[in-house]
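Thank you all for making the time this morning. I would like to walk you slowly through one model, so please have a look at it before I begin.

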Amino acid sequence: MTVPVADRPASRPFAVRRFFARHTIGLIGLTILLCAVSAALFAPWIAPHPPSAVNLMARLAPPAWVEGGSMTHLLGTDNLGRDILSRVIYGAQVSLSVGAGAVVLGAIIGSSVGLLAGYFGGWVDAVLSFLINVQLSFPFTLLAIFLLASFGGGFVSVVVVVALATWVNYARVVRGQVMSVTNQDYVEAARTVGVPTLRILRHYILPNILSPIIVVASFSMAQAILTEAALSFLGVGVGGTQPSWGMMLNDGRNYLQNAWWMTAMPGIATALTVLAGNLCGDWLQDRTDPRLRK
Amino acid sequence: MKLHRSLTAGLVALTLAMPAHTAWSQDAEPVVIASSEDVISLDPHMLDSNNPTGSVIWSVFDSLVRRAPDGTSVPRLATEWERVDDVTWRFKLREGVTFSNGEPFNAAAVQVNFARMNTAPFNSVQQLHDQTGLTEVRIIDDYTIELVTEKPTVNMLYWLAEAFIAAPDYITNTAPDVVASAPVGSGPYVLGEWNRGDSLTLVANDAYWGGAPAVKTVTFRAIPEVSSRLNELRAGTVDLVVGITPDSAEQANSDVSDLVRIEGLRKMHMGISIKGEQPALADVRVRQALNHAVDVPTIVASLMGGSTSPLVSIVNPPNNNPDLTPFAYDPEKAKALLAEAGFPDGFPLTLQWSTRFDGGKEVSEVVGAYLEQVGIQPTYEAVEIGQFRAGLSSASLKGIYFQGWAALINPSVELVILTCGHVDNSSGYCNPEYDKLVIEASQTLDDQARQKLEFAAQEIIWNDAPWLYLWRLPSFFGISKELSYEFRADNYLEPYLITYK
Amino acid sequence: MPLFLFKRFLQALLVLIGVSFSTFIVAHMTGDPVELMARENATLEDKQALREFLGLDRPLAEQYLSFVGKALQGDLGYSFVQQAPVTQLIAERLPATLLLAAAGFVLALLISVPLGIIIALKRNTVWDVVVTALAMIGQAAPGFWIGLMLVVLFAVELKLLPVSGYGGPLYLVLPAITLALQSAARLTRLVRASMLEVLNADYIRTARSKGLRERTILFIHAFRGAMIPVVTMAGLELAELVSGAFITETIFAWPGVGRLAVNAVYQRDFPLIQGVVLMAAAFFVIINFLVDVLYVVIDPRVKLK
């Protein structure tokens with residue numbers, strides 16, 4: 001067992017070091033996310049080529065460091081001769097937007113359901129819990145294809161589908177948290193003296209559920225990016241003019257043996273970003289869960 | 001602990017439930033064929049896709065005539081035929097043929113089968129009656145029938161090749177799900193074992209009227225991933241692979257297998273939706289500009305690996321009008337045409353494709369990149385196959401779309417799809433002058449006169465450009481070095497013609 | 001106990017009805033199956049005849065009620081496309097699916113539980129960092145990519161295992177590993193986290209202060225406590241494996257329910273869609289019930305209510 005370090009006044013270098021030691025995980029995660037976000041934001045300035053510039057004469061060129069590669073295409077080209085580095089950079093735009101969109105939508109739906117169920121209890125809870133159960137028992141892959149088959153692929157559809165896959169996570173966490181807060185004496189007291197419901201929700205409940213929501217959100221962000229990739233595999237991805245990492249991974253599926261870089265590059269980008277999301281989630285959980293705080 | 005034990009027991013039980021792989025008997029080497037899809041239903045009258053379900057049905061059942069790889073009709077259950085008058089065909093039937101359950105094949109069997117094809121649900125899948133205008137099956141004697149059509153037709157033999165004859169009593173008196181899973185035909189093979197979603201095994205019918213096939217056991221396996229199919233071929237665990245994409249074609253060449261390339265018949269194009277969301281497409285100059293803007297020969301040489309050639313007409317050789325030439329790649333001319341039509345700065349255009357044909361995404365993206373060069377602003381959209389088909393049949397796709405039509409050699413069928421309001425006319429193209437020529441041709445029995453009409457129609461449609469013409473869809477197959485087989489352009493496999501080297 | 005069972009049964013029934021109803025609605029939203037089944041140039045009359053033949057011309061409410069009525073008698077109808085009873089089609093595929101799910105699940109548990117415990121005990125050592133990092137990466141890599149890479153490595157390059165197909169035990173290895181890896185990664189981290197939480201809990205401290213042997217504390221007290229969240233999660237994972245192995249099934253040409261289901265959706269084969277979704281939901285409900293029962297076995301403090 002490690003002995004908890006007693007808090008003591010520390011010299012500046014020590015404090016800095018301790019800060020880094022305690023937040024390594026979070027810092028790594030945040031750094032990767034920051035890189036991905038900057039790639040997305042500044043893509044037009046960073047990317048060496050337009051992402052959809054086809055060059056049929058330069059198909060399947062390997063990365064620069066591999067024999068036959070050149071510095072023109074640092075990470076090589078794909079089956080249509082498009083620059084993979086540029087596509088990975090631009091891909092961040094779509095993949096991160098899907099992640100962010102799904103997180104926001106999922107969080108709104110899930111938290112509202114959880115909040116209502118937890119706060120009002122009784123039959124409201126019963127009905128909403130039933131909804132949660134139905135959603136959970138519905139095989140996700142099928143639901144996704146269903147919806148995409150009905151409404152067609154595209155950015156909005158994919159965001160909705162991923163949000164549908166993740167809202168339950170928020171609902172369950174928020175419901176539990178709200179229930180435990182609602183039973184606290186001070187909330188009960190506020191209720192008895194007739195403080196308006198909205199006010200109670202805003203002042204007592206919301207601050208308490210914010211941190212679990214953020215934790216779930218960072219995990220869901222990771223899940224969303226992976227789900228987008230899986231949907232691309234099923235042929236119902238985001239589509240559109242711009243590449244997403246999932247789409248690139250899927251494009252490279254038949255080239256694993258003769259052009260591994262087509263899948264490796266977007267694969268690494270996906271894995272790193274998902275990793276970053278999970279790292280941030282872990283870190284936030286450690287920070288905000290009082291039981292784990294040392 | 002208890003839980004642990006019962007889990008283990010469950011696993012053991014499951015392991016026992018797995019089928020032992022018995023197919024590998026040593027005496028006659030079975031042939032394993034891999035394709036991407038499952039065999040769906042073995043009801044011969046529910047057949048609508050050709051591979052692998054079609055290949056199985058072609059093997060278990062016979063039709064009156066066989067469509068040879070070059071598109072001509074050769075005898076199968078019918079030994080000879082003649083046209084009695086404009087609307088009547090007379091067929092002599094093969095004698096001494098029995099179905100695998102012992103029922104005899106005769107004129108009555110044909111009548112029963114054709115009648116079944118014309119009832120729901122089969123009539124929404126079967127083409128025979130609709131395409132030929134067949135109204136009556138007349139029994140002359142036990143081995144002679146006459147087929148009477150509403151109007152003169154040149155398509156009778158073509159569609160008879162896809163009208164399969166099953167044992168008449170059996171299909172009449174058996175539950176539909178049994179008919180669909182336990183087929184009884186007169187073909188060169190009978191069904192051995194069928195593990196849905198995994199494999200289907202055919203066993204040679206040694207009593208086949210055409211002689212027993214060389215390959216005694218044929219197994220069709222469903223392997224969705226093209227890379228897996230190729231890897232199996234290279235490992236020698238699969239002998240014949242169907243559905244290889246152009247880019248991975250080279251991988252079919254290995255020390256145990258060869259790549260076979262067949263220049264296909266299906267005419268691939270970007271359909272131009274004249275009534276879609278982009279009104280500019282209604283202008284013939286715009287449609288011609290699109291054709292001039294895309295460098296089809298270069299795409300064929302690179303993306304398609306030189307495996308096919310650009311379209312030269314909407315009718316397949318040898319019936320194409322030889323005076324037509326492909327639109328030259330000329331971006332300047334394309335820009336000029338666009339400017340002339342009033343779109344000097346181009347316009348937004350949606351490119352759509354479905355999963356129906358491999359490579360829809362790549363092709364659309366390449367075509368889009370070329371169109372961008374002449375000022376058009378492309379957006380891309382993958383469409384789910386059901387939605388896509390609905391869009392095709394209502395001619396309501398958005399802009400231009402990747403599609404292929406008519407993998408056949410029959411100018412009449414090839415031309416009719418672009419007539420006004422035809423169900424296959426997904427462009428929404430309508431030109432009465434063209435329609436008149438096509439209809440007249442389909443009712444002209446004199447070969448030379450008909451060809452003249454067809455050539456004229458081809459010229460009109462080519463220059464009106466309801467399609468952005470691409471190429472003929474090539475087919476790639478992989479085959480074990482130990483086998484020889486002549487592949488067909490239409491992707492059907494006839495395993496009874498496979499031989500060992 | 002009987003009351004508990006009865007309540008759970010009612011709940012399960014409600015959920016199944018909810019699922020079947022939403023499936024019915026969503027399936028019909030995908031469009032008209034006749035458009036897909038009929039040949040591309042069928043006439044309107046032909047299509048209408050087909051619609052009547054399939055019973056799709058009836059009012060929606062009637063279609064749904066007739067489905068429920070038959071389903072209660074164990075008849076899930078006929079597949080439009082395959083012309084075979086839905087129950088038969090599912091039954092044919094179920095062994096392959098269960099085998100793969102069971103193998104993947106057991107493998108995931110075999111990897112994750114011991115590993116999670118070990119790194120929880122060796123917290124903040126190199127082991128912890130390395131294993132946690134591996135688990136994180138395993139969790140971050142898209143499943144189909146892992147599957148395809150495994151094929152290239154073990155089947156194509158090393159030629160140790162078959163590329164694809166359904167046959168002897170060797171055929172099971174790669175798909176099971178593909179399925180297990182992601183589950184294992186998630187579970188390992190969960191086992192670690194809940195083990196750590198339990199080790200700090202009061203009752204373990206009490207046990208320690210009573211001077212119980214460390215081994216007894218770990219395996220009798222801590223392990224049991226730590227398994228509760230793991231069991232919940234593992235239940236969800238198993239349910240997902242039964243219905244959601246489509247990608248793995250596709251890569252390895254495994255004749256499971258996942259591929260059947262996805263094809264059914266693409267072909268708008270309504271009866272088959274209904275059947276598969278109901279089956280998956282039933283599995284989910286059953287697994288959840290088993291999870292609840294397991295709680296009692298693991299943690300004597302939990303009473304079924």
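How much area is buried between chain C and chain B, and what percentage of that area do carbon and sulfur atoms give? Before I answer, please keep in mind that what you see is a predicted model. The area buried between chain C and chain B comes to about 4,300 Å², and carbon and sulfur atoms give 54% of it. To this contact chain C brings 49 residues, while chain B brings 47 residues.

Let me stay with the chain C side for a moment. Sorted by class, the side of chain C that touches chain B has 28 nonpolar residues, 13 polar ones and eight charged ones. Several helices of chain C supply at least two residues each to that side, among them helix H2 (33-37), helix H3 (44-54) and helix H7 (143-157). The largest share, nine residues, comes from H5(C), the helix that covers 86-121. As for polar features, three salt bridges are found across the interface of chain C and chain B, together with 10 residue pairs in polar contact, where both residues are at pLDDT 80 or more. A salt bridge you can look up on the screen joins the side chains of C:Arg259 and B:Asp38, with 3.1 Å from N to O.

Now I turn to chain B and chain A. Here 22 residues of chain B are in contact with 21 residues of chain A, and the area buried between the two chains is about 1,900 Å², with carbon and sulfur atoms giving 47%. Which residues of chain B lose the most area to chain A? They are B:Glu225, B:Asp247 and B:Tyr380, which together account for 22% of what that side buries. B:Glu225 appears again in a salt bridge, since its side chain meets that of A:Arg253 at 2.2 Å, N to O. The count between chain B and chain A is three salt bridges, and there are five residue pairs in polar contact, again with both at pLDDT 80 or more.

The elements of chain B that give two or more residues to this side are helix H8 (226-235), helix H10 (296-302), helix H12 (360-373) and strand E17 (377-382). H12(B) gives the largest share, six residues. By class, the side of chain B that touches chain A has eight nonpolar, eight polar and six charged residues.

Two of those elements, H12(B) and E17(B), lead us to a sheet in chain B. Five strands of chain B form this open sheet, in the order E17-E16-E18-E15-E19, with mixed pairing. The edge strands, each pairing on one side only, are E17 and strand E19 (467-472) of chain B. Neighbouring strands are turned by 25° against each other on average, direction ignored. Strand E16 of chain B, residues 348-353, pairs with E17(B) in the parallel sense over six bridges, and B:Leu351 stands opposite B:Tyr380 in E17(B).

What packs on this sheet, and which strands does it touch? H12(B) does, touching E15, E16, E17, E18 and E19 of chain B, with a direction that makes about 165° with that of E16(B). Helix H9 of chain B, residues 284-293, also packs on the sheet, touching strand E15 (267-272), strand E18 (400-405) and E19 of chain B, and its direction makes about 35° with that of E19(B).

Key:
Residues numbered from 1 in each chain as written. Chains lettered and ligands numbered in written order. Predicted model: local features only at pLDDT ≥ 70, side-chain atom pairs only at ≥ 80, totals over all residues. Heavy atoms only, no water. Contact = heavy atoms within 4.5 Å. Buried area = accessible area lost by both parts, 1.4 Å probe. Salt bridge = Lys/Arg side-chain N within 4 Å of Asp/Glu carboxyl O. Polar contact = N/O pair within 3.5 Å; in protein donor to acceptor, adjacent residues only side chain to side chain. Helix = DSSP H or I, 4+ residues; strand = E, 2+ residues; numbered from the N terminus. Nonpolar A, V, L, I, M, F, W, Y, C, P; charged D, E, K, R; others polar. Pairing = 2+ DSSP bridges. Axes fitted to C-alpha atoms, helices over the stretch in contact; angles between N-to-C directions.
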